Amino acid sequence: MRSRTTVAAACASLVASMALAACGSSGGQSNGASGPVTHVKGAPSWCGTKKITLGLLDGYGGNSWRLVTTASGKDEASKCPSVTKFRYADGQGDTQKAISDIKGMVSSGVDAMVVFPDAGKAVLPALTDSFKAGVVTVPYRVFPGGKAGTNYDKWIGDDFANDAVNWSTWIKQNVPNGGNILFLGGPAGNSQSTTEYTTLRKNLPDSYKFIGQTPFQPTNWDPTKTQQLLTADIAKYPKIDVIVSDFGPTLVSSLPLFAKSGRSIPALATSDGNSLSCFWQDQQATDPFKMMTVTTGNDNVRLAVDYAVAKATGGKIPTADSFKGPVFEDSVSQQPHGVQCRKDLPGDVYLSAEMPGDQQAKLGK
Amino acid sequence: MATTLEQDRPQLAAGRTWASKGLVTIGTATVILFVLSALLDRASVSGTSLSGMLPIAAVLAIAGLGQMLVVQQGGIDLSVPGAISLALVVITHVPDGDSSKLGVAVLIALVLAVAAGALNGLLIGTMGLNPIIATLGANAVLYGVNLQISGGRPRITTRLMGDIGGGSTLGVPNSVFFAIATLGLVTLVVKRTVAGRRFEAIGANQRAARAAGLRVRTHRTATYVWAQLLYCLAGILVAGITSQPTAFAGDTFLLPSIAVVVLGGTSLLGGRGFPLPTVIAAVFLQQLVQLVTVLGFSAAISPLVQAAALAVGVSLYTIDWRSILARRPRPPAAAGAPAAGTG
């Protein structure tokens with residue numbers, strides 16, 4: 001009996017010491033290629049010489065914005081010949097699937113992964129596991145919590161506060177005497193819409209009042225849900241002066257509700273999309289409204305890919321650590337562009353993206 | 001086996017009195033809800049609010065009628081999300097903005113719906129698989145086809161589809177007319193035709209129906225095809241109502257489609273179906289969601305409201321409270337339960 005206990009205790013202490021050793025080795029982790037910066041001739045500076053497999057993961061890939069973003073990510077990776085294999089996975093809005101996708105990529109042997117962590121902190125443990133397994137892990141756009149160097153290599157955010165500053169500047173110029181603002185955001189609690197609201201509130205004086213739920217009306221960026229919420233808002237608030245939305249194209253099916261209620265469409269500060277721009281153009285004859293858009297940020301993924309590939313292949317790591325989307329269209333000042341509608345292209349094309357509209361139109365066909 | 005027989009009998013016995021119970025209960029509840037809405041916030045019953053609520057309620061009513069047919073056979077259909085999403089993806093993708101191709105798209109959507117229904121029907125009606133497992137699998141298959149066609153990305157609805165599904169006639173959203181027509185058709189077929197009466201008889205008691213020489217297998221298989229056709233119509237309407245629907249837009253209709261059937265008074269154990277109360281329940285549920293939205297409650301309320309409605313519906317119509325209560329004091333229950341069963 002005694003000898004069996006002793007053996008068990010010895011085994012337990014051996015396992016424990018191995019676990020401790022494993023934990024110890026993960027401290028001060030450095031993923032990717034080490035050594036001097038390398039460069040493949042003719043490729044961008046972030047493209048090093050070590051051959052890698054790159055994974056791109058979406059938490060929810062079910063809309064055209066994501067399709068263009070995914071294609072942009074793939075296009076960016078193709079600029080570097082050292083990326084020999086490219087893999088993609090879509091979590092389809094299911095957090096469990098998003099987590100198992102990340103784990104699956106790690107076990108399939110990718111060297112670097114760029115992840116859109118839609119579920120935020122829920123996927124942090126999976127990201128951390130991936131990072132600790134030595135995979136260069138770069139979450140982008142949505143903040144997953146945690147710290148660079150401990151839970152992942154780097155988070156490449158979109159400077160959403162920058163978008164909100166651009167919107168508030170435009171609102172102050174075009175609706176100068178204050179008014180009622182309705183802010184339509186994404187899924188409840190998402191960090192993007194929350195940051196935007198906080199910045200809007202900070203930059204706009206008290207004469208601008210936020211109506212509806214604060215920080216934002218949660219539309220899930222879904223047109224059907226947007227429509228339901230907006231009908232309730234139009235019914236409830238007789239005066240809406242400005243609508244701010246962080247995904248403009250979802251508004252297209254909802255804006256005609258104003259005309260149905262005998263009201264004019266309020267000023268719109270949002271993000272771009274061909275369907276929205278063409279809707280704006282169609283409305284000019286009957287019910288014109290002011291509109292300003294910031295770029296929807298499809299190119300955020302490019303910076304994340306640059307970073308991940310640079311780190312894994314041994315290329316030059318980019319200095320920028322977040323994507324700043326500029327103003328794209330302004331119907332009033334026409335700066336930097338007037339409203340851009342391309343009727344010959346599908347509505348779900350984003351003319352602000354680096355990828356040309358014609359090329360976007362061919363995606364998913 | 002003995003337990004299913006015991007379950008069937010009290011349902012049949014009590015079925016006739018429960019028909020009016022469902023209509024009266026949900027009808028009264030809906031009237032009370034609208035009065036309450038007007039009192040709490042007039043905006044929730046304004047024309048604008050109703051013009052937003054009714055189209056979604058109409059879609060829910062049509063999907064609910066499909067689900068009702070399945071529930072009448074003692075089944076449950078979890079492929080509603082896949083079916084609705086596939087239909088709207090076909091309707092947006094195939095024409096790709098060209099209204100002249102809309103007819104072809106509708107035809108393809110209908111063919112796919114029949115195929116999906118036949119798959120469900122084959123698995124459940126013919127091979128006798130559990131409906132939950134079979135329809136859950138079919139849902140995955142439908143999403144597979146959906147992603148194959150769309151890559152997860154639906155196109156923008158054509159102008160014609162937008163006018164038909166999203167437009168209105170004499171101030172009433174067109175989708176409402178589709179819901180009324182579907183209600184009329186389902187009521188007529190189920191309640192006024194020989195096939196419909198046989199269909200209900202099979203749902204009420206399969207063994208008795210088989211003994212009476214009815215073609216149980218054929219009817220049960222056909223149920224799933226009819227249901228899929230109704231989901232398909234619901235999906236087509238969603239495509240019309242929303243100009244750029246997501247490829248997963250059907251997901252939000254699963255729980256409510258079951259809730260409206262149950263609230264309408266159809267027992268989850270099968271048997272008689274109640275089309276009109278099901279449609280009223282769809283209006284009730286959607287108005288309830290609209291009211292909590294107008295009142296400014298958090299987004300979390302909406303699924304809670306749907307779940308609560310389902311719980312209330314089940315407790316009202318499906319659970320046999322009388323026999324449960326009769327069973328509580330142990331000694332008399334031994335004598336009481338069989339009496340209820342044979343009565």
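Leaving aside its neighbours within four places in sequence, which residues is A:Gly178 in contact with? Select A:Gly178 and look for A:Ser207 and A:Tyr208, its two partners on those terms. Contact here says that the C-beta atoms of two residues, placed from the backbone, lie within 7 Å.

Before moving on, some ground rules. This is a predicted model, in which local features need pLDDT of at least 70 and side-chain atom pairs count only at pLDDT 80 or more, while totals for chains, interfaces and linings use all residues. Residues are numbered from 1 along each chain as its sequence is written, with chains lettered from A and ligands numbered from 1 in the order in which they are written.

**Stop 1: around A:Gly178**

Keep A:Gly178 selected. The residue sits in the loop between helix H5 (160–174) and strand E6 (179–185) of chain A. Helices (H or I, at least four residues) and strands (E, at least two) are DSSP runs, numbered from the N terminus. Draw a C-alpha to C-alpha distance from A:Gly178 to A:Ser207 and you should get 4.6 Å, although 29 residues separate the pair in sequence. Is A:Gly178 exposed, partly exposed or buried? A:Gly178 counts as partly exposed because it has 15 C-beta neighbours inside 10 Å. The scale runs like this: buried takes 20 or more other C-beta atoms within 10 Å of the residue's own, exposed takes 12 or fewer, and partly exposed is in between, with C-beta atoms placed from the backbone.

**Stop 2: zoom out to chain A**

Now show chain A whole. Its C-alpha atoms fill a box of roughly 85 × 55 × 35 Å, taken along the principal axes. Chain A has 11 helices and 13 strands, and 53% of its 365 residues count as buried. Take the contacts in chain A between residues at least 6 apart in sequence: 72% of them join residues at least 24 apart.

Colour by domain next. Domain 1 of chain A covers 52–158 + 299–324, and domain 2 covers 160–296 + 328–354; these bounds come from an automatic or database domain assignment. Over C-alpha atoms, the centres of the two domains are 29 Å apart. Where they touch, domain 1 brings 11 residues and domain 2 brings 10 residues. On the domain 1 side, H2(A) supplies the largest share, four residues. That side has four nonpolar, three polar and four charged residues. The classes are: Ala, Val, Leu, Ile, Met, Phe, Trp, Tyr, Cys and Pro as nonpolar; Asp, Glu, Lys and Arg as charged; the others, Gly among them, as polar.

**Stop 3: two helices side by side**

Select 95–107 and 124–132 in chain A. The first range is H3(A), and the second is H4(A). Their axes come within 9 Å and cross at roughly 5°. Axes are lines fitted to C-alpha atoms, for helices over the stretch in contact, and angles run from 0 to 180 degrees between N-to-C directions. H3(A) and H4(A) are therefore roughly parallel to each other. The labels go by angle: under 35 degrees is roughly parallel, over 145 roughly antiparallel, 65 to 115 roughly perpendicular, and the rest oblique.

Show side chains for A:Ile99, A:Ile102, A:Lys103 and A:Val106, which meet A:Ala126, A:Leu127, A:Asp129 and A:Ser130 across the pair. That contact has five nonpolar, one polar and two charged residues. Buried residues in H4(A) include A:Ala126, A:Leu127 and A:Phe131. Follow the chain past H4(A) to A:Gly134, whose phi is positive, near 90°.

**Stop 4: across to chain B**

Select the contact between the chains: 32 residues from chain A and 30 residues from chain B. On the chain A side, helix H2 (64–78), helix H7 (223–236) and helix H8 (256–260) each give two or more residues. H7(A) gives the largest share, 10 residues. The predictor's ipTM for the complex is 0.70, and its pTM is 0.76.

Then colour chain B by pLDDT, the predictor's confidence in each residue, from 0 to 100. The chain B average is 85, and 88% of the residues score at least 70. Among the elements of chain B, H15(B) (330–342) has the lowest mean, 44, and H7(B) (174–192) the highest, 95. Over residues 1–19 of chain B the pLDDT is below 50.

Finish on H7(B) and H10(B) (216–241), which pack at an angle of about 170° with axes 11 Å apart. That makes H7(B) roughly antiparallel to H10(B). Among the residues that meet there are B:Phe178 in H7(B) and B:Leu233 in H10(B).
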